Amino acid sequence: MITFHGVSKIYPNQSAALDDVSFKIGKGEFVSLVGKSGAGKSTIIKLLTGEEKPTKGRVLFDNYEVNKLKANELPQLRRQIGTIFQDFKLLPTKNAYENVAFALEVAARPQKDIDDLVPQVLDMVGLGERRRSFPHELSGGEKQRVAIARAMIHRPAVVIADEPTGNLDPINAAEIIKLLLKINSLGTTVILATHSREIVDALEKRVIILDNGRLVKDDAKGKYMIV
Amino acid sequence: MITTLSRILKYGLQNFQRNGWLSVATIAVMLLVLLTFQGVIIFGATGGKALEEFQDKIDISVYFRPEVSEDQILKVEEALEQVKEVKAVEYVSKDKALEIFKIQHQDESVISSALAELEDNPLLASLNVKAKDPNDYSTIASYLEGESLKSVIEKVTFKENRLVIERLASLVSTGRKVGLFVVLFLSVIAALVVFNTIRIAIYSNREEIGVLRLVGASNGFINGPYVVSGAIYGVIAAAATMIFTVPAVLFAAPYVSVFIPSMDLTQYLTANLFSLLVYQLFFGVGLGVVSSAIAIRRYLKI
């Protein structure tokens, strides 16, 4: 479903952020991308969502050849991908419900769908009761759950989580990982970029290890390793 | 499609509100442009009317010597009617001239008592000649000043009027040109202000724009609200222009009609209220939309 084929990315005035990276991710997999800061995890995510173009190689997602998509084709791709970030990226002026709803609004979904789907997804992440709260009234863990709800609202084929637990305490972090596993068990592919050894080791799922832009290890049931 | 449009409108309105003071300043500058534009339109209409009225008043008056008989005058009239540049010829007899004179000066007791003293009618019979085109008067004048008529004609008056009319015409056309130039100049300034306002709006919303992209908002959905705010500036400025115009015109109307009796500004305004509003809307919205579109192209990287 996702294929990186000999992908390199060189930012101007910098050494290679990715160097000839190839891998495949199948439907329904749960994959952890691990490595130090600057190893290339974020670059892989940006290439996948079309935010950046590879310097060399091909990035395939389902039927999309992401590296060849035009600006006006990107929104379609992005509606197939749910993204979750360390800093949540919620809109401070909207409450939890609105933060989730507007992802459907901008995709031109009818109001009826929005009224049906948003409460469902908020219930799924355990925030049914807090739907009227604004981000500043929510804890870090709760904010991240709103972000997950927003990522899930399109029923995307894949959810990409970029350090989703980076700003959270271990208990909240564990909750978020549990939620990602639940999403995965419902058939959604999950890509988790992290540098937390505890999380990766506890998952016992596939691990791709990056170092200095190179793919150094790809284990079906991996452990976090320092290379 | 309709849901998307209404959502774009909603977000546009939101942008507009969130940039409160900036919006007010932008609208104020646009208001200045539209008021000037409105002024040029109304000045043009008034000036045109004045010109029309004066042109209608131009005629050549041919005064005949006192000894010339009415038959002779009527012959000249017939001859003049054959001249192709002539639109109409009106005969004013001595008695009629006196009558007109009396009416014109009825409030002035000195003149009326002086007239009563006179036994003879001192006024001359005349023909008032109107041309089809104001430019033809010189042709007609030269015909009248020809040798054949010299013996019967006392004087031909026309030159004084002509100068006034030419001056008025050039005044109106220069006024229009200067007005349009000012409109153009102010438009550029207003466009820059709108441009900057939208730029700041884009800057202060950059996080939201990032999130919009993240969740797969189409480009139109990201751009649209800014174009909508530009249009809202135009609509409000146009409406405000009309609100300022109406009392100003009502105030000026009596003064204008002193100078140009046939120009009823109040009536002009009521008759043209709708089309004036449409012009203002077109101009205002056009200005707003174009300048925000430029700002979007420049600052909103998708």
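This passage describes the sheets and the helix pairs of a predicted model with chains A and B.

Confidence in the prediction is considered before the geometry. For chain A, the mean pLDDT is 91, and 99% of the residues of this chain reach 70 or more. Among the elements of chain A, the lowest mean pLDDT, 88, belongs to helix α7 (residues 197–203), whereas the highest, 95, belongs to strand β7 (residues 158–162). As a general caution, predicted coordinates should not be read in detail where pLDDT is low.

In chain A, four strands form an open sheet in the order β2-β1-β4-β5, and their pairing is antiparallel. Strands β2 (16–25) and β5 (64–65) of chain A lie at the edges of this sheet with a single partner strand each, so that one side of each is left without a neighbour in the sheet. Helix α1 (residues 41–48) of chain A packs on the sheet, where it touches β1, β2 and β4 of chain A, and its direction makes about 115° with that of β1(A). In general, the strands of a sheet pair through backbone hydrogen bonds, in either a parallel or an antiparallel manner.

Within the sheet of chain A, strand β1 (residues 2–10) and strand β4 (residues 56–61) pair in the antiparallel sense over 5 bridges. Two of the residue pairs can be followed individually: A:Ile2 stands opposite A:Phe61 in β4(A), and A:Phe4 has A:Val59 in β4(A) as its bridge partner. Strand β4(A) is also paired with β5(A), again in the antiparallel sense, over 2 bridges. Here A:Phe61 stands opposite A:Tyr64 in β5(A), so A:Phe61 faces a residue of β5(A) as well as A:Ile2. The hairpin of β4(A) and β5(A) has 2 residues between the strands, and A:Asp62 in this hairpin takes a positive phi near 50°.Two helix pairs of chain A were also examined. The axes of helix α3 (residues 96–105) and helix α4 (residues 111–124) of chain A come within 10 Å and cross at roughly 135°, which makes α3(A) oblique to α4(A). The crossing of these two helices, α3(A) and α4(A), is right-handed. On the side of α3(A), the residues that meet the partner helix are A:Tyr97, A:Val100, A:Ala101, A:Leu104 and A:Glu105, while α4(A) contributes A:Asp113, A:Ile114, A:Asp115, A:Leu117, A:Val118, A:Pro119 and A:Leu122. When sorted by class, the contact of α3(A) with α4(A) has 9 nonpolar and 3 charged residues, with no polar residues.

The axes of helix α5 (residues 140–152) and helix α6 (residues 170–185) of chain A likewise come within 10 Å, and they cross at roughly 15°. This angle makes α5(A) roughly parallel to α6(A), and α5(A) passes α6(A) in a right-handed crossing. From α5(A), the residues A:Gly141, A:Gln144, A:Arg145, A:Ile148 and A:Met152 meet A:Asn172, A:Ile176, A:Leu179 and A:Ile183 in α6(A). The contact of α5(A) with α6(A) has, by class, 5 nonpolar, 3 polar and 1 charged residues.

Chain B also contains an open sheet of 4 strands, in which the order is β2-β3-β1-β4 and the pairing is antiparallel. The edges of this sheet are occupied by β2 (86–92) and β4 (153–157) of chain B, each of which has a single partner strand, so one side of each has no neighbour in the sheet. On average, neighbouring strands of the sheet are turned by 20° against each other, direction ignored. Strand β2(B) runs antiparallel to strand β3 (residues 126–131) of chain B, to which 6 bridges join it, and B:Val86 stands opposite B:Ala131 in β3(B).

The helix pair considered in chain B consists of helix α1 (residues 2–18) and helix α9 (residues 219–259), the axes of which come within 7 Å and cross at roughly 60°. The two helices, α1(B) and α9(B), are therefore oblique to each other, and their crossing is right-handed. Residues of α1(B) in the contact include B:Ile8, B:Leu9, B:Leu13 and B:Phe16, and those of α9(B) include B:Phe221, B:Val228, B:Ile232 and B:Ile236. The residues of the contact of α1(B) with α9(B) divide into 12 nonpolar, 6 polar and 1 charged.

Conventions: Residues are numbered from 1 along each chain as its sequence is written. Chains are lettered from A and ligands numbered from 1 in the order in which they are written. This is a predicted model: local features need pLDDT of at least 70, side-chain atom pairs count only at pLDDT 80 or more; totals for chains, interfaces and linings use all residues. Side-chain values use heavy atoms; hydrogens and water are left out. pLDDT is the predictor's confidence in each residue, from 0 to 100. Axes are lines fitted to C-alpha atoms, for helices over the stretch in contact, and angles run from 0 to 180 degrees between N-to-C directions. Angles under 35 degrees count as roughly parallel, over 145 as roughly antiparallel, 65 to 115 as roughly perpendicular and the rest as oblique. A crossing is left-handed if the near helix is turned anticlockwise from the far one by less than a right angle, and right-handed if clockwise. Contact means heavy atoms within 4.5 Å. Ala, Val, Leu, Ile, Met, Phe, Trp, Tyr, Cys and Pro count as nonpolar, Asp, Glu, Lys and Arg as charged, and the others, Gly among them, as polar. Two strands pair if DSSP finds at least two bridges between them.
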